[in-house]
Structures are given as C-alpha cells and as structure tokens.
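Colleague: Before accepting any label, I should like to hear the criterion behind it. Please show the model, and let us take the assignments in turn.

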Amino acid sequence: MRDTEPTKVWIDGAIVDADAARISVLDHGLLYGDGIFEGMRVYSGQVFRLPDHLRRFETGARAIGLELPGDTDFVAQVVLETACAFGQSEAYIRLIATRGRGALGVDPTTCHDPQLICIVTSIALYPEEKLSRGIDLVTASLRRPSADAVDPAIKSLNYLNSVLAKREARLRGADEALILNRAGMVAEASVANVFAVRDGTLATPQVSDGALPGITRASVIEIAGDLGLPVSERTLGRFDLLAADEVFLTGSGARIVPVATLDGQPIGPSGAGCGPITARIMDAFTHFTEHRGTPLSA
Ligand SMILES: Cc1ncc(COP(=O)(O)O)c(C=O)c1O
C-alpha cells in the first residue's frame with residue numbers, strides 16, 4: 001500500500017482517512033500482538049463471503065477471550081459502511097480487533113476497551129507478470145508453531161512467524177515462503193494456503209497440519225467439486241509439491257497464485273506459467289466471487 005493510495009478507516013465510531021486514524025501506544029494489539037484480524041475482498045461491489053469471515057473473526061475472538069465491541073450485525077455494518085466510503089467496486093478490507101489500551105505488562109485483564117478497526121484500501125500482492133508466470137517459493141527454515149503453542153487457526157495479530165518466513169524468502173530472492181509444520185510436513189505459505197494438482201486431483205494440507213481454514217481454500221474446494229475435480233485434504237510433504245503437475249496458493253489477499261518453482265526446482269512438466277487446472281480454477285473463481293458476496297448497498 002502506497003501512502004498516496006486512498007484508504008478509509010473506521011475507528012472510534014468514525015470513518016477517516018488513514019493519516020487521521022489514531023490508536024493508543026498502550027494498546028495491547030501494538031504492544032503484544034494481542035488481537036485478531038481478517039482480510040477480505042470486495043469484488044464487483046460485494047464483500048466476498050462476509051458471513052464466513054465474520055464467523056472466523058468471532059471464533060478467533062472467542063478463542064482468545066476477547067469481547068468484541070459489538071455483535072455480528074454491528075461488525076458487518078462497520079465493514080459495509082467503510083467499504084461504501086472507500087467507494088470502489090474492487091477493494092481489500094482489513095478488519096482488526098485489539099485487546100485495547102491497558103497497563104504495560106502482558107496481563108489482558110488490564111484492558112477494558114477493545115478496539116475495532118476496519119481499513120479499506122486496494123492491494124496487489126504480486127505484479128501481473130508474476131501471476132501469469134507463477135511465483136518462486138522457497139521452504140522456510142522456521143516452522144509453523146503447532147496447535148499446542150498458539151493455534152495457527154487463530155488469525156491473531158501476532159504474525160511474526162509469517163513475517164520472518166516471508167523475509168527469509170525475499171532475502172533468498174524468492175517471492176513467497178513454504179512453511180512446514182513441526183513434523184516437517186507442509187502447513188501453508190506465509191499468508192496463503194497451498195494446493196498441489198497431480199493427475200487431475202487436487203490436494204491441500206489438512207487444517208490439523210497447521211493450515212489456516214482459509215476461505216479462499218474452502219471456495220476452491222467447492223469450485224473443484226463443481227468442476228468434477230477430486231480434492232483430498234491430507235498431509236502433504238515437499239515431495240507432493242515437487243512431484244505435482246501444478247501448485248498454487250490461495251488467500252484473500254493473494255487470490256489464486258500459480259507457483260513456478262519450489263526451492264529453485266520447476267513445478268510440473270512445463271516449469272513456468274499457469275497450469276491448465278489452475279487456470280480453470282482461476283476462471284471459475286472469478287465467476288464464483290460474483291455470486292457469493294454481500295452487496296455494499298444492502
Ligand atoms: C496464515 C494464513 N494462511 C492462509 C490464509 C488464507 O486464508 P483466506 O483465504 O481466508 O484469506 C491467510 C489469510 O490471511 C493467512 O493469514
């Protein structure tokens with residue numbers, strides 16, 4: 001996001017430009033990453049799968065004992081109003097809830113004023129040529145924490161694990177990191193789920209392997225069903241990606257992104273470019289987004 005890009009922010013009950021949005025330096029979201037977030041998209045003037053995002057948001061809040069400052073209808077209204085104020089038919093939405101202002105020290109019981117923030121802007125995670133050629137993925141040296149640490153199913157504000165994996169990928173000249181779990185099996189990418197296609201069948205790691213239950217992932221599983229492509233949610237190793245005909249990533253920010261290489265090794269017979277099944281899924285996804293949204297004008 002460049003500073004010059006228009007951005008609208010709902011904070012403290014008002015919608016303001018990004019420069020005018022203020023948060024306390026004593027907010028535990030800033031101090032300790034104590035909070036949760038969602039990333040969503042507006043496609044063709046509709047918030048894609050808003051109820052699913054809100055359900056995941058509320059589940060995350062419940063899991064960390066954070067009382068949201070409003071019920072589902074209120075949060076939905078905040079999202080829709082902010083997206084309306086942004087005024088474009090394509091947008092990216094970042095919904096955040098922090099524990100709020102409290103005493104220094106991790107104790108969340110000192111925080112009495114949880115904050116809800118909604119940022120609406122535009123993003124393009126990868127340039128067009130990357131999307132047509134495919135991105136370069138490298139296996140990160142750090143692992144996804146397992147569910148007995150902080151469950152990766154919680155979209156918490158503490159994304160240092162993803163940040164460091166992404167940083168390592170960039171330092172190594174790649175676009176994105178493949179993150180393995182403690183058992184050395186594939187969890188996901190830094191902020192996206194992973195799919196492998198082999199002999200016309202899709203496979204993606206199970207949530208219990210350390211994957212976020214991604215909403216784009218769920219959409220792709222549904223789309224594959226509609227297209228008659230079998231999908232298995234199962235444990236995958238690096239082998240499954242290296243032996244695949246096609247690999248792609250999914251996420252609200254990234255959407256559907258073909259992978260050209262893993263650790264320098266080309267994926268699939270052609271090595272670069274978007275594979276035929278990935279292309280079919282991308283096409284179908286575009287259509288899908290037009291029918292699964294909550295209109296901004298509702
Ligand atoms: C760690 C992680 N994995 C996967 C995803 C993709 O999930 P979704 O498709 O719901 O955006 C995200 C999205 O932000 C993420 O943060």
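**Criteria and assignments**

Modeller: Helix α6 supplies the largest share of the shell around the ligand, namely three residues. Please note that this is a predicted model, in which local features need pLDDT of at least 70 and side-chain atom pairs count only at pLDDT 80 or more, while totals for chains, interfaces and linings use all residues. Residues are numbered from 1 along each chain as its sequence is written.

Colleague: What makes a run of residues a helix or a strand here?

Modeller: Both are DSSP runs numbered from the N terminus: helices are H or I with at least four residues, strands are E with at least two. With twelve residues, α6 reaches 17 Å from its first C-alpha to its last, close to the 16 Å expected at 1.5 Å a residue; the expected span is 1.5 Å times one less than the number of residues.

Colleague: Which residues surround the ligand most closely?

Modeller: The shell has 15 residues, and the closest are L212, G214, I215, T216 and S252. A residue is near the ligand if its C-beta atom, placed from the backbone, lies within 6 Å of it. The elements giving two or more residues to this shell are α6 (215-226) and β13 (246-251).

Colleague: Which residues of α6 are buried?

Modeller: They are I215, T216, R217, S219, V220, I223 and A224. Buried requires 20 or more other C-beta atoms within 10 Å of a residue's own, exposed 12 or fewer, and partly exposed lies in between, with C-beta atoms placed from the backbone.

Colleague: Why is A147 called partly exposed?

Modeller: A147 has 16 C-beta neighbours inside 10 Å, and therefore counts as partly exposed. A147 is in the loop between β7 (135-139) and α5 (160-171).

Colleague: How do you know that β1 and β6 pair?

Modeller: Pairing requires that DSSP find at least two bridges between the strands. Four bridges join β1 (residues 8-11) to β6 (residues 115-121), and the two run antiparallel; K8 stands opposite V120 in β6.

Colleague: What is the order of the open sheet, and why are β2 and β16 at its edges?

Modeller: The seven strands follow the order β2-β1-β6-β5-β3-β4-β16, with antiparallel pairing. Strands β2 (14-17) and β16 (293-295) each have a single partner strand, so one side of each is left without a neighbour in the sheet.
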